[in-house]
Amino acid sequence: MTDIAATPAKSGIRISGAFHRLLAFSGLIALVVVFSLASPNFMQTQNVLAILQATSVNGVLAIAATLVIITGGIDLSVGTLMTFCAVITGVVLTYFGLPLPLGIVASILAGTGVGLVSGTIIAKLKVPPFIATLGMMLILKGLSLVISGTKPIYFNDTPGFTQIAQGSFVGAIIPAIPVPNGVMILFLVAGLAAFVLTKTALGRYTFALGSNEEAVRLSGVNIDRWKIAVYATAGGICGVAGLLIASRLNSAQPALGQGYELDAIAAVVIGGTSLSGGRGTVIGTLIGALIISVLANGLRILSVPQEWQTVVTGTIIILAVYADILRRRNL
Amino acid sequence: MDALIELIGIGKSFPGVRALHNVNFDLQAGEVHALMGENGAGKSTLMKILSGVYRRDAGEIRLDGKPVEIGSPRQAQEMGIGIIHQELALMRDLTAAQNIFIGREPRQLGGWLLDEKALNRATQAIFDSMNLKLAPTVPVGSLTVAKQQMVEIAKALSYRSRILIMDEPTAALNDAEIAELFVIINRLKAEGVGIVYISHKMDEIKRISDRVTVMRDGEYVGTVPAATTSMETIISMMVGRTLSNEALVVPNTSAAPVALEVRNLNRGREIRDVSFSVRQGEILGLAGLMGAGRTEVARAIFGADPRDSGEIWVNGQRVGISTPGDAVHAGIGYLSEDRKHFGLATGMNVRNNIALASLARFTRPGGLLDDGAMRKVAERYIGQLSIKTPSDTQEARLLSGGNQQKVVIAKWLLRDCDILIFDEPTRGIDVGAKSEIYKLLNALAAEGKAIIVISSELPEVLRLSHRIAVMCEGRLTGMLPGGASQEEIMHLATQRQSAVAEMRHAG
């Protein structure tokens with residue numbers, strides 16, 4: 001490539017990243033406006049909170065997927081890992097009767113541990129991320145069923161467990177806007193992940209790996225270690241998602257989980273993170289996750305059958321990526 | 001005076017290839033030492049050993065007179081050995097400063113957080129010392145190749161490198177940028193940095209280097225002072241290998257009709273106003289150094305890359321070629337230098353590979369493939385080209401390189417291509433199979449096919465070509481008759497535009 005050709009194309013990538021986020025954000029606003037006009041119920045506080053609550057689990061999973069995707073990898077196991085973590089929490093709290101904080105720690109540790117294993121398989125054994133995490137997805141699905149004896153584990157003996165996602169400490173302070181804790185946890189995870197990505201070495205290497213892995217290696221960086229760290233961090237975040245979903249259902253449902261990874265990846269892609277790695281933001285992913293839930297909620301309010309909702313979501317994924325391609329081609 | 005670094009008797013083998021044998025090299029402080037040789041002479045391999053990417057099999061490395069082991073890129077950096085790779089090793093999505101300090105970011109708050117301010121300050125200091133006007137926070141992906149090169153140099157300097165290896169640093173630079181680079185190199189020299197300078201460009205070597213070491217076929221040829229040694233001497237050191245003595249027979253094709261004519265082909269900086277023609281039955285060699293634009297010309301003719309301007313005429317008719325499909329329709333076949341990537345479906349069998357470009361011919365109504373007819377044709381070509389394979393159902397990847405190449409040739413012959421462009425036809429093929437490919441090319445020419453051969457190996461070009469077109473930096477710098485000397489080709493191949501202008505001025 002000559003520098004003549006390279007210069008505009010390269011700055012184009014930068015513009016298009018911001019452009020894509022702007023596009024996603026405008027899309028979200030447009031959806032909100034359309035649905036508000038179409039139905040007076042849409043902008044009711046209660047409905048807005050319901051949308052946010054519905055976003056919390058997918059949003060947290062999508063943030064985990066974002067980290068991995070920025071390295072140029074993919075994680076198909078986020079959904080079943082979430083379930084696995086919920087089941088582990090169920091074992092700790094319900095079977096062993098241990099106190100609530102231990103259950104929380106167990107879930108996050110389980111997620112991190114599985115992430116460590118996936119990361120090691122990918123970095124050390126050089127199994128492609130798609131295959132490694134596909135395998136892990138199935139392994140975890142099976143393990144969740146085995147550990148739970150294929151039956152849901154309920155948290156009735158652990159008072160306060162449902163509060164993790166369903167309670168509202170914001171509501172306790174400002175009764176007018178009882179934002180569920182689950183939503184606050186989503187924002188907290190998003191804030192932390194954004195911080196890690198922009199301010200820490202882990203974040204720097206996440207982008208660097210996705211940008212040019214060989215260059216990072218030739219710079220003398222231990223790329224295996226950092227890659228494993230990214231998958232472990234993503235795993236830990238899936239542990240948080242496990243707590244959220246278990247708390248919302250007041251149970252660990254071992255059969256749940258598969259399919260969540262695709263919603264998560266959809267949110268990441270709509271949010272403008274490049275599947276080839278090197279580019280992406282947490283805020284974009286958050287907007288992507290919100291678009292998916294707003295669509296689901298709004299279409300339901302307009303009595304559009306559920307079958308059609310997935311058709312619309314699918315169309316939007318393709319349009320979102322196509323818009324990015326168009327933008328890059330024109331610059 | 002002690003050398004900064006000495007490489008003594010270095011040897012390195014890869015499976016099936018002896019890349020380096022008994023190579024010597026030394027570098028003094030404050031010196032620019034050019035390393036020269038044809039493609040594949042082993043320059044890059046030697047430098048990868050010096051920078052810790054490869055481990056040597058034999059020999060010794062002495063740093064400041066003491067034997068050392070360089071086990072990894074990081075160790076090399078710690079010893080003050082910096083390398084600027086031929087393919088820039090930068091992370092395009094990160095800023096200049098982030099690239100320079102990757103792996104060594106300044107931290108704050110007990111190491112938990114990156115200190116972006118300190119990072120940018122330190123980078124600014126390096127840029128200032130290089131007299132380089134560049135913002136540390138600019139994303140590398142938005143910079144020109146020249147500026148990216150400067151970032152690489154800044155990165156190498158940030159390790160306080162005393163030894164700096166530059167692998168073809170000017171390959172993508174224009175004259176002004178090269179001048180800029182040389183200013184920086186001279187400043188580094190004055191500070192006592194030793195620089196290993198790998199380049200093909202003779203005029204540059206003369207301008208910037210103190211000594212020249214020449215390598216050939218993985219072996220050390222000699223070291224000479226740059227100022228007092230003539231270009232001719234250096235060239236003859238580079239090409240000194242004896243040619244196989246099979247006499248070249250150049251048939252008289254002057255009466256044959258022109259099969260392919262290219263007029264004023266242009267594409268960016270890669271192809272500049274290239275015109276030539278090939279007659280039926282003629283083998284035209286396309287020679288030049290790496291990056292001269294030979295493959296680009298072939299791809300533009302074949303429609304694999306769009307061209308900015310230029311006409312392509314086949315058998316006296318102007319043809320509009322904008323896709324490979326158009327080219328094939330016009331009877332042009334292109335055999336890529338990278339067989340595994342572009343030429344061969346390695347997982348499919350020989351029969352399917354041969355038929356791949358002509359499947360329409362074997363498709364019966366309803367879309368069914370006529371496997372029997374395909375087998376018959378495949379077997380015919382296996383016999384005709386003497387492809388060594390147990391059967392036509394053998395997977396292509398299991399064949400040797402030479403036989404894989406023949407399968408690709410069979411594919412284009414079946415497609416009725418009368419104009420065949422061979423890009424590095426014998427790359428990765430052992431010596432015995434090479435001469436078989438040569439015979440095949442001669443036989444094809446004798447049948448009246450027009451053939452273009454792109455090769456980086458001069459002996460190959462000389463042995464095959466009835467005429468030789470030489471390129472340098474996207475321009476056609478000359479057309480030589482078959483049987484020209486290696487020196488003549490090298491002269492044209494290193495005839496950069498500025499050098500040409502200077503010569504004209506002097507003459």
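Take helix α10 of chain A, residues 223-249: at 1.5 Å a residue its 27 residues should span 39 Å, and the end C-alpha atoms are indeed 39 Å apart, so the two agree. The expected span here is 1.5 Å times one less than the number of residues. Helices are DSSP runs of H or I with at least four residues, strands are runs of E with at least two, and both are numbered from the N terminus. Of the 27 residues in α10(A), 22 are buried, so the helix is largely enclosed by the rest of the structure. Buried means under 20% relative accessible area, exposed means over 50%, and partly exposed is in between (1.4 Å probe, protein chains only). Just past α10(A), A:Asn250 has a positive phi of about 50°.

A word on ground rules: this is a predicted model, where local features need pLDDT of at least 70, side-chain atom pairs count only at pLDDT 80 or more, and totals for chains, interfaces and linings use all residues. Residues are numbered from 1 along each chain as its sequence is written, chains are lettered from A and ligands numbered from 1 in the order in which they are written, and side-chain values use heavy atoms, leaving out hydrogens and water.

Next, a sheet in chain B. Its four strands make an open, antiparallel arrangement in the order β14-β13-β16-β17; strands pair if DSSP finds at least two bridges between them. At the edges stand β14 (271-279) and β17 (317-319) of chain B, each with a single partner strand, so one side of each has no neighbour in the sheet. On average, neighbouring strands are turned by 20° against each other, direction ignored. Strand β13(B), residues 258-267, runs antiparallel to β14(B) and is joined to it by six bridges, with B:Val258 opposite B:Arg279. Helix α9 of chain B (294-302) packs on this sheet, touching β13, β14 and β16 (309-314), and its direction makes about 70° with that of β14(B). Contact means heavy atoms within 4.5 Å; axes are lines fitted to C-alpha atoms, for helices over the stretch in contact, with angles from 0 to 180 degrees between N-to-C directions.

Where the chains meet, 35 residues of chain B and 29 residues of chain A take part. The buried area is about 2600 Å², 57% of it from carbon and sulfur atoms; that is accessible area (1.4 Å probe) lost by two parts on being put together, summed over both. On the chain B side, B:Asp93, B:Leu114 and B:Arg269 lose the most area to chain A, together 20% of what that side buries. One salt bridge crosses the interface, and A:Arg204 forms a salt bridge with B:Glu116.

A salt bridge here is a side-chain nitrogen of Lys or Arg within 4 Å of a carboxyl oxygen of Asp or Glu, and the count comes to 25 over all chains. Some of them:

| Pair | N to O distance |
|---|---|
| A:Arg204, B:Glu116 | 2.9 Å |
| B:Glu31, B:Arg211 | 2.5 Å |
| B:Arg263, B:Glu261 | 3.3 Å |
| B:Glu395, B:Arg397 | 2.6 Å |

B:Glu395 and B:Arg397 are partly exposed, at 28% and 48%. Salt bridges with shared partners also link B:Glu261, B:Arg263, B:Glu311 and B:Arg318 into one network.

What about B:Glu31 and B:Arg211? B:Glu31 lies in the loop between β2 and β3 of chain B and B:Arg211 in strand β11(B), so the pair ties together parts 180 residues apart in sequence. B:Glu31 is buried at 6% relative accessibility, while B:Arg211 is partly exposed at 21%.
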